[in-house]
Amino acid sequence: MKQLIYTIALLLFPLSLMAQNDTLRHEVLLETTKGNIRIVLYNETPLHRDNFLKLVREGYYDGNLFHRVINRFMIQTGDSTSRHAEPGAELGLYSPDYTLPAEIHYPQLYHKRGAVAAARESDDVNPERRSSASQFYISYGRRYNDDMMDQVQARIDQATKGTVVIPPTLREAYFNKGGTPHLDGQYTVFGEVVEGLNIVEDIQNAETDKNDRPLQDIAIVRATVVK
């Protein structure tokens with residue numbers, strides 16, 4: 001019995017050591033019809049990280065369209081029914097039948113340009129701000145001045161009852177680099193674009209229909225875990 005316990009301990013030791021030393025930030029490559037977008041995932045949001053990696057490895061995102069694109073705002077994907085959608089069909093209504101608990105770490109993780117965040121249903125039906133299982137968006141946004149940031153803060157105050165305040169450091173970041181600050185503190189940001197922000201810019205400039213779907217389909221050809 002002692003020998004068995006000793007053997008099990010030896011087997012478990014490398015796993016515990018790996019857990020302690022697992023500081024790798026996983027990366028995913030989205031090969032799209034417009035070009036490649038490389039995303040790094042945050043370890044601070046492990047539920048979203050692991051779920052995203054699982055879906056990528058299963059090939060869930062392969063062939064998905066960017067079904068919602070808004071200029072100077074963001075691009076969204078993750079509805080697997082979009083693969084074979086007819087032109088003009090309304091999309092964005094499907095994701096797998098589960099949600100993820102919110103992992104909102106604000107102001108550490110915020111909606112800077114290139115932020116990757118989970119889509120979700122609105123507060124009136126989803127007060128816990130749980131995330132969609134599969135749908136995500138990449139922020140692009142715009143650059144802001146002081147007056148614009150004051151307006152954004154007022155909008156956030158209304159949405160969060162004054163519980164989310166944009167600190168001076170983030171105001172400066174939105175001045176210099178841009179993003180979508182009005183979403184801060186309300187959606188889970190779980191990664192960021194490290195290569196291909198120009199592709200995101202190109203996609204968000206696409207001409208769209210009344211449902212914000214690009215008139216010319218823009219698809220994720222393949223998503224792969226590269227790190």
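**Exercise 1. Helix 2 and its surroundings**

Compare the end-to-end reach of helix 2 (residues 46-57) with the expected value, then state which of its residues are buried and what follows the helix.

*Solution.*
Step 1. In this predicted model, helix 2 comprises 12 residues, and the path from its first C-alpha to its last covers 16 Å. At 1.5 Å a residue the expected value is 16 Å, and the helix is close to it.
Step 2. The buried residues of helix 2 are His 48, Arg 49, Asn 51, Phe 52, Leu 53, Leu 55 and Val 56.
Step 3. As a general background, residues three or four places apart point the same way, because an α-helix has 3.6 residues a turn.
Step 4. After helix 2 comes Gly 59, with a positive phi near 80 degrees.

**Exercise 2. An aromatic pair and its cluster**

Classify the arrangement of the rings of Phe 52 and Tyr 61, and determine whether each residue is buried or exposed.

*Solution.*
Step 1. The structure contains eight aromatic pairs. In the pair of Phe 52 and Tyr 61, the ring centres are 5.3 Å apart and the planes meet at 45 degrees, so the arrangement is tilted. The reasoning rests on the cut-offs: planes under 30 degrees apart would count as stacked and over 60 as edge-to-face.
Step 2. For burial, the threshold is under 20% relative accessible area. Phe 52 has 2% and is therefore buried; Tyr 61 has 1% and is likewise buried.
Step 3. Phe 52 and Tyr 61 belong to one aromatic cluster, together with Tyr 60, Phe 136 and Phe 190.

**Exercise 3. Arginines over aromatic rings**

Which tyrosine rings lie beneath the charged end of Arg 83 and beneath Arg 120, and at what distances?

*Solution.*
Step 1. Arg 83 places its charged end over the ring of Tyr 60, at 6.0 Å from the ring centre. Tyr 60 is one of the members of the aromatic cluster.
Step 2. Arg 120 lies over the face of Tyr 187, with a distance of 4.2 Å to the ring centre.

**Exercise 4. The environment of Gln 135**

Locate Gln 135, assess its burial and describe its contacts.

*Solution.*
Step 1. Gln 135 occupies the loop between strand 7 (131-132) and strand 8 (136-139).
Step 2. Its relative accessible area is 7%, so Gln 135 is buried.
Step 3. The side chain of Gln 135 makes a polar contact of 3.2 Å with the side chain of His 67.
Step 4. Beyond neighbours within four places in sequence, the residues in contact with Gln 135 include His 67, Gln 76, Asp 79, Tyr 94 and Ala 118.

**Exercise 5. Leu 109 and a cis peptide bond**

Where is Leu 109, which residues does it touch, and which peptide bond in the loop containing Pro 107 is cis?

*Solution.*
Step 1. Leu 109 is in the loop between strand 5 (99-100) and strand 6 (115-118). With a relative accessible area of 9%, Leu 109 is buried.
Step 2. When residues up to four places away in sequence are set aside, Leu 109 touches Tyr 42, Glu 44, Thr 45 and Val 189.
Step 3. Leu 109 and Tyr 187 are separated by 78 residues in sequence, while their C-alpha atoms are 10 Å apart.
Step 4. Pro 107 is in the loop between strand 5 and strand 6, and the peptide bond joining Tyr 106 and Pro 107 is cis, with omega about 15 degrees.

**Exercise 6. Positive phi outside glycine**

For Arg 129 and Asp 212, give phi, location and accessibility class.

*Solution.*
Step 1. Most residues other than glycine have a negative phi.
Step 2. Arg 129, although not a glycine, has a positive phi of about 60 degrees. Arg 129 is situated in the loop between strand 6 and strand 7 and is buried, with a relative accessible area of 16%.
Step 3. Asp 212, also not a glycine, has a positive phi of about 70 degrees. Asp 212 lies in the loop between helix 5 (197-204) and strand 10 (220-225) and is partly exposed at 24% relative accessible area.

**Exercise 7. The chain as a whole**

Summarise the secondary structure, extent, burial and contact range of the chain.

*Solution.*
Step 1. The chain has five helices and 10 strands.
Step 2. Along the principal axes, the C-alpha atoms fill a box of roughly 70 × 45 × 35 Å.
Step 3. Of the 227 residues in the chain, 46% are buried.
Step 4. Among contacts between residues at least 6 apart in sequence, 73% join residues at least 24 apart.

Key
Residues numbered from 1 in each chain as written. Heavy atoms only, no water. Phe/Tyr/Trp six-rings, centres within 6.5 Å; stacked < 30°, edge-to-face > 60°. Buried < 20%, exposed > 50% of the residue type's maximum accessible area, 1.4 Å probe, protein only. Lys NZ or Arg CZ within 6 Å of the ring centre and 35° of its normal. Helix = DSSP H or I, 4+ residues; strand = E, 2+ residues; numbered from the N terminus. Expected span 1.5 Å × (residues − 1). Contact = heavy atoms within 4.5 Å. Polar contact = N/O pair within 3.5 Å; in protein donor to acceptor, adjacent residues only side chain to side chain.
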